[in-house]
Amino acid sequence: MSDRPAEWKRNELLISTDPARLDLEAIHAFLVRAYWCEGIPRELVQRALRHSLCFGLNDAGNQVGLARVVTDHATFAYLCDVYVLESHRGRGLGKWLIDCVLRHPQLQGLRRFSLVTRDAHELYAPYGFQPLAAPDRHMEIHAPDVYRRPAG
């Protein structure tokens with residue numbers, strides 16, 4: 001397995017897993033207003049990116065999208081923080097991003113690949129994602145307002 005970043009190109013568009021290509025400010029600017037992590041502090045975004053396999057979507061060098069995968073690279077992966085900027089939507093870039101994620105060599109042969117979405121089921125379903133087969137077996141601690149609470 002190579003530690004070299006993976007890259008996919010389409011004209012001026014590039015999807016890369018190279019952490020050096022991630023634009024923390026651009027990513028935070030989007031995520032801080034995203035419904036799933038509204039108000040997330042910049043430092044938490046930075047830490048999350050550092051400890052994840054990230055797929056940055058760039059257009060002529062500008063960060064326009066992201067998919068982040070939390071994984072052990074062997075049995076499990078959790079897909080999160082998937083977005084394409086509003087200005088770049090409607091061009092199939094979200095589909096391309098998910099396709100690249102699912103083709104990544106370090107994400108093959110996993111027993112479980114999960115995600116949570118409020119409104120993008122139609123994006124993920126063609127790739128095999130489906131509602132939980134046994135929701136009664138899954139448990140979670142969910143704190144949706146954690147970024148709005150006072151520290152401490």
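**Exercise 1. The second largest pocket**

What volume does the second largest pocket have, and which residues and elements line it?

*Solution.*
Step 1. The model is a predicted one. In it, the second largest pocket has a volume of about 470 Å³.
Step 2. Its lining is made of 24 residues, and those closest to the centre are Thr 17, Pro 19, Ser 52, Leu 53 and Cys 54.
Step 3. Now take the elements. Helix H2 (42–50), E3 and E4 each give two or more residues to this lining.
Step 4. Sort the lining of the second largest pocket by residue class. The split is 12 nonpolar, nine polar and three charged.

**Exercise 2. Strand E3**

Find the strands that pair with E3, and decide whether the faces of E3 are covered or open.

*Solution.*
Step 1. Strand E3 spans residues 53–59. Strand E2 (residues 13–16) pairs with E3 in the antiparallel sense, over four bridges.
Step 2. E4 pairs with E3 as well, again antiparallel, over seven bridges.
Step 3. Place single residues. Ile 15 has Leu 57 of E3 as its bridge partner. Leu 57 also stands opposite Gly 65 in E4. Cys 54 stands opposite Arg 68 in E4.
Step 4. Check burial against the cut-off: under 20% relative accessible area counts as buried. Leu 53, Phe 55, Leu 57 and Asp 59 on one side are buried, and so are Cys 54, Gly 56 and Asn 58 on the other.
Step 5. Conclude. Seven of the seven residues of E3 are buried, so the rest of the structure largely encloses this strand.

**Exercise 3. Strand E4 and its two hairpins**

Describe the pairing of E4 with E3 and E5, then locate the positive phi angles in the two turns.

*Solution.*
Step 1. E4 covers residues 62–71, and eight of its 10 residues are buried.
Step 2. The hairpin of E3 and E4 has two residues between the strands. Ala 60 takes a positive phi there, near 50 degrees.
Step 3. Strand E5 (residues 76–84) pairs with E4 in the antiparallel sense over six bridges. Gly 65 has Val 84 in E5 as its bridge partner.
Step 4. The hairpin of E4 and E5 has four residues between its strands. In this turn, His 73 has a positive phi of about 65 degrees.

**Exercise 4. The contact at His 73**

Which side chain makes a polar contact with the side chain of His 73, and where does that residue lie?

*Solution.*
Step 1. The partner is Gln 106, with a side-chain to side-chain polar contact of 2.9 Å.
Step 2. Gln 106 lies in the loop between helix H3 (93–103) and strand E6 (112–115).
Step 3. Its relative accessibility is 12%, so Gln 106 counts as buried.
Step 4. Add a distance for scale. Asp 23 is 83 residues from Gln 106 in sequence; in space, their C-alpha atoms are 23 Å apart.

**Exercise 5. Salt bridges**

How many salt bridges are there? Take three of them, Asp 81 with Arg 68, Glu 25 with Arg 42, and Arg 103 with Asp 99, and say which residues are buried and which are partly exposed.

*Solution.*
Step 1. The count is six salt bridges.
Step 2. Start with Asp 81 and Arg 68, whose side chains meet at 2.8 Å, N to O. The pair links distant parts of the chain: Asp 81 is in strand E5 and Arg 68 in strand E4, 13 residues apart. Asp 81 is buried, with a relative accessible area of 11%. Arg 68 is buried too, at 12%.
Step 3. Next, Glu 25 and Arg 42 form a salt bridge at 2.7 Å, N to O. Glu 25 lies in helix H1 (residues 24–31) and Arg 42 in helix H2, so the pair ties together parts that are 17 residues apart in sequence. Glu 25 is partly exposed at 46% relative accessibility. Arg 42 is partly exposed at 30%.
Step 4. Last, the side chains of Arg 103 and Asp 99 meet at 3.2 Å, N to O. Both residues lie in helix H3, four residues apart, about one turn of the helix. Arg 103 is partly exposed at 45% relative accessibility. Asp 99 is partly exposed, with a relative accessible area of 29%.

Methods. Residues numbered from 1 in each chain as written. Predicted model: local features only at pLDDT ≥ 70, side-chain atom pairs only at ≥ 80, totals over all residues. Heavy atoms only, no water. Buried < 20%, exposed > 50% of the residue type's maximum accessible area, 1.4 Å probe, protein only. Pairing = 2+ DSSP bridges. Polar contact = N/O pair within 3.5 Å; in protein donor to acceptor, adjacent residues only side chain to side chain. 1 Å grid on protein atoms, 1.4 Å probe; cavity = no way out; pocket = protein on both sides within 12 Å on 5 of 7 lines; lining within 4 Å. Points joined across faces, edges and corners; volume = space filled by probe spheres on them. Nonpolar A, V, L, I, M, F, W, Y, C, P; charged D, E, K, R; others polar. Salt bridge = Lys/Arg side-chain N within 4 Å of Asp/Glu carboxyl O.
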